[in-house]
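Here is a short tour of some strands and cysteines, meant to be read with the coordinates open beside it. Please load the structure and follow along.

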Amino acid sequence: MSKSLPSRSENYSEWYNELVKRADLAENSAVRGCMVIKPYGFSIWEKMQRALDDMFKETSHTNAYFPLFIPKSYLSKEASHVEGFAKECAVVTHYRLKNDPNGGGVIVDPEAKLEEELIVRPTSETVIWSTYKNWIQSYRDLPLLINQWANVVRWEMRTRLFLRTAEFLWQEGHTAHSSKQEAIEETEQMLEVYANFAENFMAVPVIKGIKTANERFAGAEETYCIEAMMQDGKALQAGTSHFLGQNFAKAFDVKFLNKENQQEFVWGTSWGVSTRLMGALIMAHSDDQGLVLPPKLAPIQVVIVPIFKGEEQLNNIKSKIDPIVKELRSKGVSVKFDTTDNQSPGFKFAEYELKGVPIRLAIGNRDIENGTIELARRDTKSKQSMPFEGIVDSVVNTLDEIQHAIYQKALDFRTENTHQVNTWEEFQIQIEKGGFISAHWDGTSETEEQIKELTKATIRCIPLDAKEEVGTCVYSGKPSGRRVIFARAY
RNA sequence: CGGGGUGUAGCGUAGCCCGGUAUCGCGCUUGGUUUGGGACCAAGAGGUCGUAGGUUCGAAUCCUGCCACCCCGACCA
């Protein structure tokens, strides 16, 4: 194994692939397109889950679990929904194996064909709405605010660890409401939750917006999204929230009796984020030395590396450090005190940098004599000798600083790489340089498709905060009322 | 599904053209010396050469089929 990673500038995607493996986040599995999420990677995902789940609970949602398998007939009930997912569904056709009479292990028992084939869920709208039909009778049953943490399967042609895998983990919220207005508010609220999570926990700035018809979720009336910029200038959709209108209510006949004793179809939403966020996290902050993790999601926030000769020195260091570890933990800081002696300090430094540990403390005999300790920041690679007294406060403050600093760095990067463009010539030049392009668009799918064909750039979103501004479409020259965000995307 | 590439120890590789059962590095084990930015010495363990068949006295090497994975396209969160 070579010591250093491929560099981002030389080969961004190779850098990403190597980093994911070398930092022990995930690896490819025996099944094509599926990944094994390794303990270190899963710890980060667990932290994401925890933070998000708390936010869902704070907004009155409760968790439940719906089955992995969906009867085939369900999927065909909502026309555009089927169309959107049909091409990437895994199908269960049999329920039994048997020994191959000709030897050679097991074969599918042809006798055991399922009467109705089952689809492995690519998303759960259909099972959930077929269940909601039984749960909802009156306006008093609404709103119904449910989330589930689950795995889903989408049989993708080309996969990449975390960014696009055949099976992935996610959460999907599915809510039902008595009014259109309330459902829209829910959709917007959850988008806000996602944006808040991305910015405050992942330290990734996002643009909140609405998808164009082309990019909209199959079965939704409106798809809201948060879009983030990766260090190669490409966009990554980090979360989506859909206003489903009454589409699924109609498809699954979910009605409620309103206060006026009239039957009405309910209004729905669904919203999700997936293990793809791991990809966003990695690509937003990390450098050629390895991961850079925001303190709020780092499995290990502080690593302490002792520098010692022999057991006596180590014990001496331990007696100083053990109380520090205790105190940090009491303040909710996760600390690893790495006292193993089979690796040199230098090796450990490199290793914890690769894994993105935000703060490293190093302490040796010299420090003990001077009453100091060395504090190194992963994000800036800076290190300084600090007084041993008060180190706990310094660590806590520095963690906070790092959280803000990496957000600011990502925000500055995005600002530098976002350009207003007014002509088609400019557009073609700028898109090759990467980044986001803010430009006028005439609102038609034809134009959007043309631009995609010519430049591989898609409309990432119509920003929610887009100013009303008279302009002309960058491609067609037709009138436009606001700018939209174009980019090449993951 | 098209185009390209690769399968040799846990990982990365040499050998293949020109057949004689396998090279080197990392990692691992044991012992010793080390430790302020990826330590060193010594001794070890570890391989159905992707798979099935063929040619041959003999196949990692030549031939054929199959499988898997990676990269590039069409599809997608």
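## An enclosed strand

Strand β16, residues 267–274, is largely enclosed by the rest of the structure, because eight of its eight residues are buried. Keep in mind that this is a predicted model.

The residues of β16 point in two directions. Trp 267, Thr 269, Trp 271 and Val 273 point one way, while Gly 268, Ser 270, Gly 272 and Ser 274 point the other way, and all are buried.

## The partners of β16

Which strand pairs with β16 over eight bridges? That is strand β10 (residues 167–177), and the pairing is antiparallel. For a place to start in your viewer, try His 177, which stands opposite Trp 267 in β16.

Strand β13, made up of residues 235–245, also runs antiparallel to β16, and five bridges join the two. Here His 242 has Ser 270 of β16 as its bridge partner. As background, strands of a sheet pair through backbone hydrogen bonds, and they do so either parallel or antiparallel.

## A three-stranded open sheet

Elsewhere, three strands form an open sheet with antiparallel pairing, and their order is β4-β8-β5. Its edge strands, β4 (69–71) and β5 (91–94), each pair on one side only. On average, neighbouring strands of this sheet are turned by 40° against each other, with direction ignored.

Looking at one of these pairings, β5 and strand β8 (residues 113–120) run antiparallel and are joined by three bridges. One position to look up is His 94, whose bridge partner in β8 is Lys 113.

## Cysteines without disulfides

How many disulfides does a search of the whole structure find? The search finds zero. A disulfide is a covalent bond between the sulfur atoms of two cysteines, and the cut-off used here asks for a pair of cysteine sulfur atoms within 2.5 Å.

Two cysteines show how this works out. For Cys 225, the closest cysteine sulfur belongs to Cys 461 and lies 4.6 Å away, so the two are too far apart for a bond. Cys 225 is buried, with a relative accessible area of 0%. For Cys 34, the closest cysteine sulfur is in Cys 89, and at 15 Å that is again too far for a bond. Cys 34 also counts as buried, because its relative accessibility is 14%, which falls under the 20% limit for buried residues.

Technical notes:
Residues numbered from 1 in each chain as written. Chains lettered and ligands numbered in written order. Predicted model: local features only at pLDDT ≥ 70, side-chain atom pairs only at ≥ 80, totals over all residues. Heavy atoms only, no water. Pairing = 2+ DSSP bridges. Helix = DSSP H or I, 4+ residues; strand = E, 2+ residues; numbered from the N terminus. Axes fitted to C-alpha atoms, helices over the stretch in contact; angles between N-to-C directions. Buried < 20%, exposed > 50% of the residue type's maximum accessible area, 1.4 Å probe, protein only.
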